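Let's take a friendly walk through a protein model, one topic at a time. Keep the picture open while you read, and look up each residue as it comes along.

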Amino acid sequence: MKYIIMIAVVLLAFAKADAQGPPITADKPIMLGGNSFTMKTLTEIRNTERGSAVYVPVMLHYLPTSNSLIALHIPYVNYNLSDAIGSGLADMKIMGKYQFYRKDGTGKTFRMVAKTLQTLPTGKEIDVMDISTGKYAGYYGVVAGLETLKYGISSEIGYNSMPNGTLDEFRAKLGFGLPLLKPQYPNKQVNLYFEYSSVWLHERDWYQLLYSQGIQYAGKNITYDLAVQLPLIQEIDANRALNYSVFFGTRYTF
């Protein structure tokens, strides 16, 4: 546990990023200019009735153009579960995005993005959703978002298919961002995020509705994120129920 936290602290210490990055536990369709790289991390400390896991991904994002993105996520996990204890590489992920719609107005923009996330079975088969399942999965969805100078709204809907497992799921997300400071140059912003995540695993007849409250500091070249996620509705096996998750991370663009 101490080793994982040290990794996260080091990543935070050297991080910089574009101002007003994406929501913390959700996503948004707005992209920066083409031919840019982003290095980011979003550590999750997940506590469940089955045990706890600390998930530390290193995410490398590249924008070939202003409306496309490809990414590689290389994650490390440390877990202490009732039926498994260990640490190591979790499931790696490859992500792609393509912005197919954009409409700009005075002080506002609305955009839509097609998104795919391919999960590679590089982690152990410990059956922890989105972290380490040891099975291939492919996610396909659409992200839409409206951003103004006073607020931001993002939404996502999609389906995650796991051909050789039982974690097929319908996903839906909704997020609201509220800047607390007036626009200024050089950019300095403090944003509040209110985010909801809905997951239905129809093969297991599980359903979760989660709420996260987050805060973000965005400077000229640096962004820090902190959020706590709690369950609102859980219709799953009692020994798999989520108690809470804590997220903290940062991003650096160059």
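The report below looks at paired strands, a hairpin, two residues with unusual backbone angles, a contact region and a surface patch.

## Strands side by side

Keep in mind that this is a predicted model. A good place to begin is strand 10, which covers residues 189-201. Strand 9 (169-179) is joined to strand 10 by 10 bridges, and the two run antiparallel. To find one of these bridges, look for F170, whose partner in strand 10 is W200.

Strand 10 also pairs with strand 11 (206-218). Here 13 bridges join the two strands, and they too run antiparallel. One pair to look for is Y193 with its bridge partner G214 in strand 11.

## The turn of the hairpin

What lies between strand 10 and strand 11 in their hairpin? There are four residues between the strands, and D205 takes a positive phi near 60° in this hairpin. D205 is not a glycine, yet its phi is positive.

Is D205 buried or exposed? Its relative accessible area is 60%, and the cut-off for exposed is over 50%, so D205 counts as exposed.

## Another positive phi

D127 is also worth a visit: it has a positive phi of about 60° although it is not a glycine. You will find D127 in the loop between strand 6 (108-119) and strand 7 (137-148). Its relative accessible area is 22%, which falls between the cut-offs of 20% and 50%, so D127 is partly exposed.

## Around L209

Now move to L209, which sits in strand 11. L209 and P231 are 22 residues apart along the chain, while their C-alpha atoms are separated by 6.1 Å. Leaving aside neighbours within four places in sequence, L209 is in contact with S197, S198, P231, L232 and I233.

## A nonpolar patch on the surface

Two of those contacts, L232 and I233, lead us to the surface. Together with Y151, I153, L174, F176, L178, L180, L181 and Y196, they make a nonpolar patch of about 800 Å². Strand 9 and strand 12 (223-235) are the elements that give two or more residues to this patch. Which element gives the largest share? That is strand 9, with three residues.

I153, another member of the patch, is found in strand 8 (residues 152-161). With a relative accessibility of 33%, I153 is partly exposed, because this value lies between 20% and 50%.

Notes:
Residues numbered from 1 in each chain as written. Predicted model: local features only at pLDDT ≥ 70, side-chain atom pairs only at ≥ 80, totals over all residues. Heavy atoms only, no water. Patch = residues over 30% accessible without salt bridge, like charges linked within 9 Å, V, L, I, M, F, W, Y side chains within 5 Å. Areas by Shrake-Rupley, 256 points an atom, 1.4 Å probe, with all protein chains shown as cover. Salt bridge = Lys/Arg side-chain N within 4 Å of Asp/Glu carboxyl O. Buried < 20%, exposed > 50% of the residue type's maximum accessible area, 1.4 Å probe, protein only. Contact = heavy atoms within 4.5 Å. Pairing = 2+ DSSP bridges.
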